[in-house]
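Visitor: I am new to this structure and would like a short tour.

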Amino acid sequence: MNIQRKQPFLFQNVDPLLQLSDVENVLRNSRVFYSIPSRPTLIQYCEDGTFESLKLRGQYFVYESSLLSFINSLQRQAA
């Protein structure tokens with residue numbers, strides 16, 4: 001049985017932002033990396049445009065769609 005959550009109309013097209021700790025968890029669970037990139041490397045990915053991100057109050061947030069695209073591209077390279 002496939003159950004889909006209904007989101008309120010205003011939030012249907014919102015791309016969630018993830019903290020770098022969440023990015024680390026997603027990468028750890030994706031099994032793309034033998035060891036996940038360090039925090040300074042993730043910050044570099046934010047600064048060089050590898051991730052679409054925002055810097056708010058000195059903290060980086062990565063768009064979920066950007067992270068998923070990054071993981072998919074790595075998986076295609078590995079295949």
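The sheet comes up before the core.

Guide: This is a predicted model, in which local features need pLDDT of at least 70, side-chain atom pairs count only at pLDDT 80 or more, and totals for chains, interfaces and linings use all residues. Residues are numbered from 1 along each chain as its sequence is written, and side-chain values use heavy atoms, with hydrogens and water left out.

Visitor: Which strands stand at the edges of the sheet?
Guide: The sheet is open, with 3 strands (DSSP E runs of at least two residues) in the order β1-β3-β2 and antiparallel pairing. Pairing requires at least two DSSP bridges between two strands. One side of each edge strand is left without a neighbour in the sheet, because each has a single partner strand; these are β1 (17–19) and β2 (53–56).

Visitor: What is the bridge partner of Ser53 in β3?
Guide: β2 and β3 pair in the antiparallel sense over 4 bridges. In β3, Ser53 has as its bridge partner Val62.

Visitor: Which element supplies the largest share of the largest nonpolar core?
Guide: Such a core is a set of buried (under 20% relative accessible area, 1.4 Å probe, protein chains only) Ala, Val, Leu, Ile, Met, Phe, Trp, Tyr and Cys residues joined through side-chain atoms within 4.5 Å. Of its 13 residues, those touching the most other members are Leu20, Val23, Leu27, Phe51, Val62 and Leu67. At least two residues each come from α1 (20–30), α2 (39–48), β3 (59–63) and α3 (64–78). The largest share, 4 residues, is that of α3.

Technical notes
Buried means under 20% relative accessible area, exposed over 50%, partly exposed in between (1.4 Å probe, protein chains only).
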